[in-house]
Amino acid sequence: MARILITSALPYINGVKHLGNLAGSMLPADVYARFQRLQPGNEVLFICATDEHGTPAELAAAEAGQAVADYCREQHDIQKRVGEGFSLSFDWFGRSSNQPNRELTQHFGDVLEDRGLIEERTSRQVYSVDDKRFLPDRYVEGTCPVCGYEKARGDQCDNCGSLLDPVDLINPYSSVSGSRNVEIRDTRHLFLLQSKLQDRIRAWVDSRAAEWPQLTSSIAYKWLDEGLQDRSITRDLSWGVPVTRHGKPRPGFEEKVYYVWFDAPVEYIGSTVEWAEAKNENWERWWRTDKGAEDVSYVQFMGKDNVAFHTVSFPVTILGSEEPWKQVDRLKAFNWLNWYGGKFSTSQKRGVFMDTALELLPSDYWRWYLIANSPEGSDTAFTWESFQASINSDLANVLGNFVNRITKYAQSKFDGKVPAEGQAGEAEAWMVKELKTRLPQLQAHYEAMEFRKAAAETRAIWAAGNEYLTKAEPWVKYKTSVEQAAVGVRVGLNLAALFGIIAQPVIPDAAGKILDALGVPADKRMMGFGAATDYAGLLDALLHGLAITPPPVLFAKIEDTQVAEWTERFGGG
RNA sequence: GGUGGGGUAGCUCAGUUGGUUAGAGCGCAGGACUCAUAAUCCUGAGGUCGAGAGUUCAACUCUCUCUCCCACUACCA
């Protein structure tokens, strides 16, 4: 009996996420969670939340003319609904602004200070008098001291690529308001002394890196090799976790909060606490190795931009606390899903966003495409043409048509019942051999979190079903021997059920329709395939005489006219 | 600039420790079949594996140089 904790990188609160965000963490995490739930005996906890603090949230709220708390509550509800629309099966979708995260973050702040890992330092920051706020580097613009470009950002010049310090900009101004009434002010902040933990973090990475993909470990080692720098973990903002010491406002920090990157990963734990409070469950047996989490296997999913924070920064918080917190075991990172060679972009409205996607097509369509073309090995391009080709071929033609043809035939020739007659022969032996090699491979790909390969293998198994029907040709045999035709129909119906079972992680809605149509009971939908599996038995699992109902067409094809319309509307191509 | 990842059939991508004629899906051409959403099945065409050099009996695979693309580079998250 395995206990598996799964977290997806937390989507930021400032608006509905695009397909790239979905493909790069929430969706594969969901597919993996669904797969693991289908393994007999597994206990799975799948946690996510909105990441709500920070400057962008404040600015987005201001732009929307709302109080930031109201804005976040509204956006959280929207993201929650959209996630449900995509059948993301979070056990809990929390909020980093909720009380549990606040208390945990303050706890970590306290403990780290007790361990001598925090000190106050003064730093110089750009302050916008008119905006009444300190400005993060990228929100300060001005003339580049290197090349003279007039719209350089405070962190980097887009023209010459130089890395900049905002205090070096010539004629700086606020990109929030455009005001030039900005000045450099001293401000006190808490610094986390990451440099002191360099060796411990490296030792920890060494102990885990063998199980991480190359993308993950190379990013972690790069940071370690460059040397961990002490890092400010507080900000001059009002929206965030208040900085406290022993439960009371910290003197001098009344107007400051913890930096969003300090509190966001803590929300993995905080969201679990929210879940436990709501469901009357025990969160510590998932997170405290002294309270039952010792045997938990913890898997994180994220885009590559998040890897450093999960392999280095957050481990500093956890290891530095010297408390028995559960650490990540396996970490799956993704590259980017691109939009016609460029990037998806919220501000430029490039690409398709989750809410809009659901208006166009059912979630299964998107889920299948984004998993079958997952940006695992490198950045991957989304195009309408390949989306159309993939859906029409894989889902409509190979899977949908298979289910349709066999159920319709059973209905017209066998009274819509699973036939009992006939003996398995050569074609069935071939099919058993296919399943015997392919199902364990499918299983292995899922366990290795190789999602493209899992989708390809799933498709190959569906395709083998069509090949089987060509070999068995019940419609030909029916003319001479109804009994022989019955074998093909029985096996075909059982294959349809099996295809529904293996489809569940990726396309849960359609899989459910198939399994319902074939009357497969809930407890017969598990998919743990291995050496002990009775592969021949899979072809004769449905009860003889069981009434089946051909489901309505499972996947409508995507027409050329739709592609043309969407290309026009979304600016692809 | 530094670091990392890529450049393999028209397109999207696999290619394990270097080893016989480099693979898959889509697309394309031809054929078969008719139960089915003109779906399915079979066959075929198509690649000097970014360029050059080196190591080796043997290189898509290892080394070096060059070139192109992308990401990260710690105060956006």
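The following conversation concerns a predicted model of a protein with RNA strand B.

Visitor: How many residues surround RNA strand B, and which are the closest?
Guide: There are 55 residues around RNA strand B, and the closest are Asp51, Asp137, Asp379, Asn401 and Arg405. Of the strand's atoms that come within 4 Å of the protein, 69% belong to sugar and phosphate.

Visitor: What lies 2.4 Å from a polar side-chain atom of aspartate 51?
Guide: That partner is a sugar or linking oxygen of RNA strand B. Asparagine 404 also has a side-chain N or O atom 2.9 Å from a sugar or linking oxygen of the strand. For glutamate 467, the partner of a side-chain N or O atom is a phosphate oxygen of RNA strand B, at 3.4 Å.

Visitor: Which element gives the largest share of the surface near the strand?
Guide: Helix α13 does, with 10 residues. The elements that each supply at least two residues include α2 (55-63), α6 (214-226) and α15 (451-472).

Visitor: And how does that surface divide by class, into nonpolar, polar and charged?
Guide: The division is 18 nonpolar, 19 polar and 18 charged residues.

Visitor: Turning to pockets, how much space lies in the second largest one?
Guide: The second largest pocket holds about 500 Å³. Its lining has 21 residues, and those closest to the centre are Ile501, Val520, Lys524, Leu538 and Ala541.

Visitor: Which elements give two or more residues to that lining?
Guide: They are α17 (482-503) and α19 (535-538). Helix α17 provides the largest share, 4 residues.

Visitor: What is the lining of the second largest pocket by class?
Guide: It has 13 nonpolar, 5 polar and 3 charged residues.

How values were computed: Residues numbered from 1 in each chain as written. Chains lettered and ligands numbered in written order. Predicted model: local features only at pLDDT ≥ 70, side-chain atom pairs only at ≥ 80, totals over all residues. Heavy atoms only, no water. 1 Å grid on protein atoms, 1.4 Å probe; cavity = no way out; pocket = protein on both sides within 12 Å on 5 of 7 lines; lining within 4 Å. Points joined across faces, edges and corners; volume = space filled by probe spheres on them. Nonpolar A, V, L, I, M, F, W, Y, C, P; charged D, E, K, R; others polar. Near = heavy atom within 4 Å. Polar contact = N/O pair within 3.5 Å; in protein donor to acceptor, adjacent residues only side chain to side chain.
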